[in-house]
Amino acid sequence: MKKLIVLLPLVCLLAPVGLVWQACSDEKNCATQPLNPNGDSELALLMRAMFEDGMRVKVQILKGETPDIQVDFKQILTAKATAPEKMQTADFEPLATSYVQAMRALDAAKPEEAAQLFTTMVTTCMNCHHNTCPGPVVRIKKLFLESN
Ligand code: HEC
């Protein structure tokens with residue numbers, strides 16, 4: 001019990017540090033400072049939802065089910081980032097638009113096209129992250145159908 005009392009505050013202290021690190025290690029266009037006490041920008045929250053929804057859709061596709069997308073993916077074009085001024089690079093909007101188009105195509109996919117269109121969609125995540133925010137790349141790779 002004593003150990004737990006010592007450990008708990010330590011975990012609470014370290015958790016926010018972990019979140020900021022996760023948001024985007026220390027890359028030039030990425031967040032280094034949390035915007036609010038939780039460190040969660042609108043865009044960061046949306047990204048987490050995109051990842052969780054993607055994992056769910058991945059399982060559906062692996063089971064041969066029709067993907068049922070629930071995340072409001074169009075928000076990527078308007079959500080506020082942790083460092084909004086740095087997101088206004090020439091690359092962000094075209095990369096976000098190609099993600100939105102890939103999600104639309106996946107949403108309208110016939111069952112036999114779903115796997116291919118899902119892979120294309122995950123590639124659009126990777127393209128933007130390589131460009132603007134490499135921190136989460138390792139996590140995003142888990143979305144690929146062949147990874148487990
Ligand atoms: C157009 C660029 C772009 C695309 C496309 C994109 N991301 Fe991101 N992502 C970002 C940026 C920028 C951040 C940092 C957000 C912030 O800190 O406000 C981020 C942050 C993240 C994070 C960290 C969130 C956190 O916990 O703080 C994850 C996970 C993530 N993205 C996953 C994904 C996944 C999965 C996809 C595709 C389904 C995707 N991203 C597509 C730009 C993009």
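## Iron site and ligand shell

M47 is partly exposed, with a relative accessible area of 25%. That's worth knowing up front, since M47 is one of the protein donors of the ligand's iron atom, along with H129. Keep in mind that this is a predicted model. Below is a quick tour of the iron site, the residues around the ligand, and the spot where T124 sits.

**The iron atom**

- On the protein side, the iron atom of the ligand gets SD from M47 and NE2 from H129, at 2.0 to 2.2 Å.
- The site has six donor atoms and is octahedral, with angles among those donors running from 84 to 179°.
- M47 belongs to helix α2 (residues 42-62) and H129 to helix α5 (residues 114-132), so this pair of donors ties together parts of the chain that are 82 residues apart in sequence.
- How do the two donors sit with respect to the surface? M47 comes out as partly exposed at 25%, while H129 is buried, with 9% relative accessibility. H129 falls in the buried class because the cut-off there is under 20%.

**The shell around the ligand**

- There are 28 residues around the ligand, and the ones that come nearest are S41, M47, C125, C128 and H129.
- By residue type, the shell splits into 22 nonpolar, four polar and two charged.
- Helices α1 (2-24), α2, α4 (92-107), α5 and α6 (137-141) each put at least two residues into it.
- Which helix gives the most? That's α2, with six residues.

**Polar contacts with the ligand**

- The side chain of S41 has an N or O atom 2.5 Å from an oxygen atom of the ligand.
- T82 does something along these lines too: an N or O atom of its side chain is 2.6 Å from an oxygen atom of the ligand.
- For H129, the partner is a nitrogen atom of the ligand, with a polar side-chain atom of H129 lying 2.7 Å away from it. H129 is also the residue whose NE2 is a donor of the iron atom.

**T124 in helix α5**

- T124 is in helix α5, the helix that also holds the iron donor H129.
- Is T124 buried or exposed? It counts as buried, at 10% relative accessibility.
- Setting aside neighbours within four places in sequence, T124 is in contact with S98, Y99 and A102.
- T124 and Q101 are 23 residues apart along the chain, and their C-alpha atoms are separated by 9.6 Å.

Key
Residues numbered from 1 in each chain as written. Predicted model: local features only at pLDDT ≥ 70, side-chain atom pairs only at ≥ 80, totals over all residues. Heavy atoms only, no water. Donors = N, O, S within 2.8 Å, 3.2 Å for Na, K, Ca; no water. Tetrahedral: all angles 85-135°; square planar, octahedral: opposite > 155°, others 65-115°. Helix = DSSP H or I, 4+ residues; strand = E, 2+ residues; numbered from the N terminus. Buried < 20%, exposed > 50% of the residue type's maximum accessible area, 1.4 Å probe, protein only. Near = heavy atom within 4 Å. Polar contact = N/O pair within 3.5 Å; in protein donor to acceptor, adjacent residues only side chain to side chain. Nonpolar A, V, L, I, M, F, W, Y, C, P; charged D, E, K, R; others polar. Contact = heavy atoms within 4.5 Å.
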